[in-house]
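Hi,

Here is the structure I promised to pass on. Have a look at it first, and my notes come right after.

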Amino acid sequence: MSAFRFTIDGVEIAAEEGQTIMEAADEAGVYIPRLCDHEGLRHQGSCRVCTVKSDGRSVAACTQPAAPGLVVENESAHITKLRRDLVEMLFHEGNHLCPICEASGNCELQAMAYRLDMTEPTKFPYLEPCRAVDASHPDIALDTNRCIACGRCIRASLDVDGKGVFGYIGRGIHRRVSVNGDNLADTDAAITDFAISNEVCPVGCIIRKREGFATPIGEREFDKALIGQDIEAKRDD
Amino acid sequence: MSEPRLIEISPVTRVEGHGKVTIHLDAEGAVDEARLHIVEFRGFERFIRGRLLWEVPVIVQRLCGICPVSHHLAAAKAMDMIVGVDELPPTAEKMRRLMHYGQVMQSHVLHFFHLASPDLLFGFQAPAEKRNIFEVIAEQPELGRRAILMRKFGQDIIEATAGKKIHGTGAIPGGINRNLPIETRDALLAQLGDMETWAQDALALVRDYTLTNLDLVRGFAAFDSSYLSLVRTGDGALDLYHGNLRAVDAEGGMIFDQADYTRYHELLVEDVRSWSYMKFPFIRSLGPGEGWYRVGPLARMNAVDFIDTPLAEAARQKLLAQNHGMPQHAVLANHWARLIEVLHCVEKIRTLLHDPDLQGTDLVATGTRRQEGIGVIEAPRGNLIHHYEVDENDQVTYCNLIVSTTHNNEGLNRAVKAVAVRALSHQPTITEGMLNEVEVAIRAYDPCLSCATHALGQMPLIVEIMDAAGTVIDHRTKDS
């Protein structure tokens, strides 16, 4: 496997053939924002929050292979604005009521909004979905009003758990995550599934019953640091 | 005066929430009818249905920004019952109590100093631009400083127990999600000396005001009523967090005592009237005519057998001595009672902060699931009832809330009418100062109209004068 170098925002990054821009960036301690990508799951490239300019062309950093000599633009004002607009649209598509959501403080969407300085979602009309909570399963509930259609649960269930509990239904703006049955109780979902673990759902859609609000404010994941700072901590300089 | 008139005070100011007052004058200019209208509706009881049981204490606290802890804890107590926990681990119960005493303290301090004190210090008919907390700070800077720091202390207690000063997440079904670190405890303890001194000084201020103006206080919207409060199980002491229901009549005789609060719907009935979103509860055994009652600080002073903290109990004895040990009915005595409770909270906070259980690590208990849960607490403004049913999927199917201001609805309306008759009858001109007297009576109850209708907002006041045919002929509006 041959090693090469490329730059992100002027910082030289070491990479190996077969790595994506994001993989190489992560190893080098350069954070590229992302929502649909997650360690241990195959890349999907659907949320577009990881969009970067690679030699002037917009690409998803989680799926675009790194290449020798690439000049990548990551945290420019232009790209940050695009990302902020994407995140803001996700807020408008769902009902993201952070003050009463048990994912608050651990939510990657909320954390991304903070990182991107999105103070309040005001630009677009709210779609205000009104989907019933599926609490049919004894240990798991789904509030799909909070789903951002990242598909992490779909890949986790299919590829890691070998089950296929979740899948997409609908097209375009109506595309969303559903379960393989009339409700969650019809599926073989279990609380021990990787797809149901706290790390897979980035928002408060997949709810592990009777665990909500058990972590005090101040001790939640993003109370301590901005999203991405764990990756940035690896950086040498 | 040849034609009947309607006065409208809208919005009512220096109270929490939106309300208006209408006063009907007959052809001779006498007050015919006076009502406090709560004109908002928010529907928490409906939209909480379908939500998951552990979300409820966090969602319903959004009813209010002044005393969210009361709703948080009442709902948490109901959820304790649903998850089958009848006795919390000591750390959990004591952390919740600490949160509650901090809450009652900051709410009472906010009400007395920021909302009510301008009326008492400057007079009911002082110019409107004078009657606000900024003028209090300008004239009495030390008093203003203490008001701010006492409220901050209460808020700091809430933050230490719930994670945030407003709308935190401390109580969870069956327990609490944190204990109290030693360093936080010590930082709070360091302020307690000042808090106790300042609470006693504020209590002396309102006591002296009452005794100096005894005729005014006794004649201002003072009328007999029954009173309802939680009292401590067994000995009938004041207990703001937990106990059984007691109702006493105007002479202090028991209507019911040590009643399990899960039977509240057998003891109380909620009546509905067409002109207000706020219900009118009454004691079932006395019927809708005679069964109305009041709640709140004065009701608690009248209903309990004693207070288990010495400074507050001594102060309570002085309050009751004004009516020879019988229940005290003067509405303005609520301010006195409120400051007694501030002192009580400081004493309770001191005891709790010295209790090593607050550093315990057993935070949550579990039990066998039930379908129904009722949580009752003594909130700053009085008794607060939360009632829920939850299905086998953990989703709420029913919710009923009776908040303090709703309990006080009849009393508030009677107070409005009493003051209107006293201040407005046969007056050729209605002045702003006269209308403020109506608001002073409302304010004494420290009503939270937002909570009462489960509605959100600042507290404007409207007064309308209507003629006998119901036509609005005069109208005064106060912006919030």
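Below is what I found where two of the domains of chain B meet.

First off, keep in mind that this is a predicted model. The domain assignment splits chain B into domain 1 (5–40 + 407–478), domain 2 (88–222 + 329–364) and domain 3 (224–328). I stuck to domains 2 and 3 of chain B, whose centres, taken over C-alpha atoms, are 21 Å apart.

On the numbers: 29 residues of domain 2 of chain B touch 28 residues of domain 3 of chain B. The two domains bury about 2400 Å² between them, with 60% of that on carbon and sulfur atoms. In domain 2 of chain B, the residues losing the most area to domain 3 are His329(B), Ile340(B) and Glu341(B), which together make up 30% of what that side buries.

Glu341(B) turns up again in the polar part: it forms a salt bridge with Arg300(B), with the closest N and O atoms 2.6 Å apart. In total, 3 salt bridges were found across this interface, and 14 residue pairs are in polar contact between the two domains.

As for what builds the domain 2 side, helix 4 (90–122), helix 8 (192–212), helix 9 (214–219) and helix 14 (333–353) of chain B each supply at least two residues. Helix 14 of chain B has the largest share, with 12 residues. By class, that side of domain 2 has 13 nonpolar, 6 polar and 10 charged residues.

Cheers

Technical notes: Residues numbered from 1 in each chain as written. Chains lettered and ligands numbered in written order. Predicted model: local features only at pLDDT ≥ 70, side-chain atom pairs only at ≥ 80, totals over all residues. Heavy atoms only, no water. Domains from an automatic or database assignment. Contact = heavy atoms within 4.5 Å. Buried area = accessible area lost by both parts, 1.4 Å probe. Salt bridge = Lys/Arg side-chain N within 4 Å of Asp/Glu carboxyl O. Polar contact = N/O pair within 3.5 Å; in protein donor to acceptor, adjacent residues only side chain to side chain. Helix = DSSP H or I, 4+ residues; strand = E, 2+ residues; numbered from the N terminus. Nonpolar A, V, L, I, M, F, W, Y, C, P; charged D, E, K, R; others polar.
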